[in-house]
Amino acid sequence: MSMATGTDTRSPARHAADSHDLIRVHGARENNLKDVSIEIPKRRLTVFTGVSGSGKSSLVFDTIAAESQRLINETYSAFLQGFMPNTARPEVDVLDGLTTAISVDQQRMGGDPRSTVGTATDANAMLRILFSRLGRPHIGPPSAYSFNTASVRASGAITVERGAKTKAQKATFERTGGMCNRCEGRGTVSDIDLTQLYDDSKSLSEGAFTIPGWKSDSQWTVQVYAQSGFVDPDKPIREYTKKEMHAFLYGEPVKVKVSGVNLTYEGLIPKIQKSFLSKDKEAMQPHIRAFVERAVTFTTCPECDGTRLSEGARSSKIKGISIADACAMEIRDLAEWVRGLAEPSVTPLLTALQQTLESFVEIGLGYLALDRPAGTLSGGEAQRVKMIRHLGSSLTDVTYVFDEPTIGLHPHDIQRMNDLLLRLRDKGNTVLVVEHKPEVIAIADHVVDLGPGAGTAGGTVCFEGTVEGLRASDTVTGRHLDDRATLKETVRKPTGTLEIRGAKTHNLRGVDVDIPLGVLCVVTGVAGSGKSSLVHGSIPAGAGVVSVDQAPIRGSRRSNPATYTGLLDPIRKAFAKANGVKPALFSANSEGACPTCNGAGVVYVDLGMMAGVDTPCEDCEGKRFQASVLEYHLGGRDISEVLAMSVAEAEEFFRTGEAATPAAHRILDRLADVGLGYLTLGQPLTTLSGGERQRLKLAVHMAEKGGVYVLDEPTAGLHLADVEQLLGLLDRLVDAGKSVIVVEHHQAVMAHADWIIDLGPGAGHDGGRIVFEGTPADLVAARSTLTGEHLAAYVG
């Protein structure tokens, strides 16, 4: 047997496993996608661009990431799948070459009052273990430091079976929790203002209740109190005896007979707490939310001083610091403190905790504290908090999917975000980013541009290739990629000022500032410098302010632009008047609903652990209304045809002729004004993109009477081409005599301002001061702040 000598210089044949370097999508039809087919390179950074509503999220999140998640879920046992969210396979012909997808979206973090930055990122869990091992005095296991765990003690007899005999034994059970008993771990206690619930000069039969929806004569809720026998329904409330008043306000639940029907009676305060206070305030109807804001005041818990923790948990300390102190520190200071703890017995724990805390600092969130309620984070902050757990991950060959990761970031912070995205890619991962910012598009290895328009005018791939190729292409994104706003030649003169004195909300340091009125004033500064605290937390009440914040629009698949904006009311009345019938017939959530699908338009079949199936209702063919309702017409159209119109078509339809409805036309005008002319009136809110929801909210608030508009990052989710339209809208508001105050990071909006207030110089305790006030031209000339430097570079 002879040995071969020398080396073989031929290149080895490529291994079959190395040939799968593309994610292939063919025939994607999710939402508004029109048979999209593309190939995305793996282990590269691909940016998806296009106007808001062009189908970016439908392709990246609802098709690629959704199918990857669905396939992973199918690997679990049928038992486990029963507990998981069931998603149907996306509408697509072929999806090939997928890897495990990790989605980091813009959904705001849970608004649960007990959810904090610490609980959402596992940092609290590690701190609790640390204090249970090193804290002195030792008070118990990690649960003793948790504000979500109450202390429990129980004792009694248990029956033990041994062979054929049974024996009773005494047993005691005890669990030490860290929850403050007074506020139940919420940090705040609520007081109910009784004067907002009833008029004590009247009796129940005279209609004493002032709670929305509580009518005296017929309403069951009111009759329960009047006929309970605990109080005299004909006596004014202020004349109740002590016993009657206690039963009226705090009575325990008890069965009573009202008009021959068995109902439950309970005191007014527990009743209000269950029916109003246990619900999410954002999801309430506007008049109910206004009532709750009037009737309930939240104050810091006097017992735990807002720390949420019991006295025992606060007494246990490491080097003079309790767990409450640690959670209240800025995370960068906490990281410094953890670094100074050299304790060999808990080294692995300290390493993991330090890594998590340093990830916060690295991602630009070092200014947050672990006890910050999760619901108060902005969209951009929430998204970066979700990124924390992936930064130090050892996983490779994963697909990371990001939805506009630069939202809420100052140009100075965008560079750091870019570095993180490139680091994830360089570890061998596929990074897919939906983004509008030119700074992020510039670092892409591959660009996919969707469009050409939004809604039904979008859903096709207009360009695929490099950033240079995009610049040269004639797509909307290509044309606007190098757009740079110029500084205004002349700025408007203020007509007055809004005075803020000694503002100390969150990290503000006794700020005094005069905000000019009658002009476009932009408040800038790095994330966490105190902009929202100044604008939302310090503007005096009663200044006639209409505030449009970043809180998300909530709505089920039954809500649509027509119901959300109140447009459906004048339309229903117009149909009812033209046909001489009740308005309720023209609501798919009321009398006019198709009985088969209850007005949903689809019939949903739950298949247990398998993905549920929804099929268009055969009776109404997805139109949601009874056949008899569709026989009534207005201007030659039935109600389902009107809801299928786009805003632009409907504006034309309700302007003149038989269907002319001024109230509907005014609302449609505002929707067109904010650039939503392409949306259909009946499109479910659940299918709208982030940018579309933001503008829908703006359109609703524009109807409110007020002289000062406060907008929080109105460019969030907007394409470069749409920013131009937004600037036109802001100009029209100011020219109509309104004062507009905008919290914004987008340089085009800064350049367009009449006056700039810049906060900083840094974030958290490095911020909270005014570092510049003046015109954009002065800011560019001085270049004395981070904002000034970036704005100067932008306008060239």
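Two strands count as paired here if DSSP finds at least two bridges between them. Keep that in mind for the first stop. The model is predicted.

**Stop 1: the three-stranded sheet**

Select β1, residues 22-28, together with β4. The two strands pair in the antiparallel sense over three bridges. Click Val-25, then look across to β4: Leu-95 stands opposite. Now bring in helix α1, residues 56-73. Helix α1 packs on the sheet and touches β1, β2 and β4. Its direction makes about 115 degrees with that of β1.

Show the whole sheet next. It is open, has three strands in the order β2-β1-β4, and its pairing is antiparallel. The edges are β2 (36-41) and β4 (94-96), each of which pairs on one side only. From one strand to the next, the twist averages 10 degrees.

**Stop 2: the domains**

Colour the chain by its domain assignment. Domain 1 takes 18-108 plus 377-480, and domain 2 takes 188-300. Domain 3 takes 483-553 plus 696-795, and domain 4 takes 557-687. How far apart do the C-alpha centres of domain 2 and domain 4 lie? The distance is 36 Å.

**Stop 3: helices around α12**

Select α12, residues 347-362, and α11, residues 331-339. They pack at an angle of about 155 degrees, with their axes 9 Å apart. Angles over 145 degrees count as roughly antiparallel, and α11 and α12 are therefore roughly antiparallel to each other. Their crossing is left-handed. Show side chains. On α11, the contact uses Ile-331, Arg-332, Leu-334, Ala-335, Val-338 and Arg-339. On α12, it uses Leu-350, Leu-353, Gln-354, Leu-357, Glu-358, Phe-360 and Val-361. By type, the residues of this α11 and α12 contact are nine nonpolar, one polar and three charged.

Keep α12 and add α4, residues 123-134. α4 and α12 pack at about 150 degrees, and their axes are 10 Å apart. This pair is therefore also roughly antiparallel. α4 passes α12 in a left-handed crossing. Which residues of α4 meet α12? They are Ala-123, Met-126, Leu-127, Ile-129 and Leu-130. Facing them in α12 are Leu-349, Leu-350, Ala-352, Leu-353 and Thr-356. The α4 and α12 contact divides into nine nonpolar residues, one polar and no charged. Pause on Leu-350 and Leu-353: both are in the contact with α11 and in the contact with α4.

Now add α13, residues 379-391. α12 and α13 pack at about 130 degrees, with axes 9 Å apart. That angle makes α12 oblique to α13. The crossing is right-handed. Thr-356, Ser-359 and Phe-360 of α12 make the contact with Val-385, Ile-388 and Leu-391 of α13. These residues divide into four nonpolar, two polar and no charged.

**Stop 4: the six-stranded sheet**

Select β20, residues 520-524, and β25, residues 739-743. The two run parallel and are joined by four bridges. Click Val-522; its bridge partner in β25 is Val-742.

Extend the selection to the full sheet. It is open and mixed in pairing, with six strands in the order β21-β24-β25-β20-β26-β27. β21 (545-548) and β27 (769-774) are the edge strands, and each pairs on one side only. The twist averages 15 degrees from strand to strand.

Two helices are worth adding. Helix α24 (690-701) lies across β21 and β24 (708-712), and runs at about 165 degrees to β21. Helix α25 (720-735) lies across β20, β24 and β25, and runs at about 145 degrees to β25.

**Stop 5: backbone details in loops**

Most residues other than glycine have a negative phi, and most peptide bonds are trans. Three loops hold exceptions to look up.

- Arg-136 and Pro-137 are joined by a cis peptide bond, with omega about -5 degrees. Find Pro-137 in the loop between α4 and β6 (152-162).
- Gly-451 and Pro-452 are also joined by a cis peptide bond, with omega about 0 degrees. Find Pro-452 in the loop between β16 (446-451) and β17 (460-465).
- His-506 has a phi near 50 degrees, a positive value in a residue other than glycine. Find His-506 in the loop between β18 (496-503) and β19 (511-517).

Methods
Residues are numbered from 1 along each chain as its sequence is written. This is a predicted model: local features need pLDDT of at least 70, side-chain atom pairs count only at pLDDT 80 or more; totals for chains, interfaces and linings use all residues. Side-chain values use heavy atoms; hydrogens and water are left out. Axes are lines fitted to C-alpha atoms, for helices over the stretch in contact, and angles run from 0 to 180 degrees between N-to-C directions. Angles under 35 degrees count as roughly parallel, over 145 as roughly antiparallel, 65 to 115 as roughly perpendicular and the rest as oblique. A crossing is left-handed if the near helix is turned anticlockwise from the far one by less than a right angle, and right-handed if clockwise. Contact means heavy atoms within 4.5 Å. Ala, Val, Leu, Ile, Met, Phe, Trp, Tyr, Cys and Pro count as nonpolar, Asp, Glu, Lys and Arg as charged, and the others, Gly among them, as polar. Domain bounds come from an automatic or database domain assignment.
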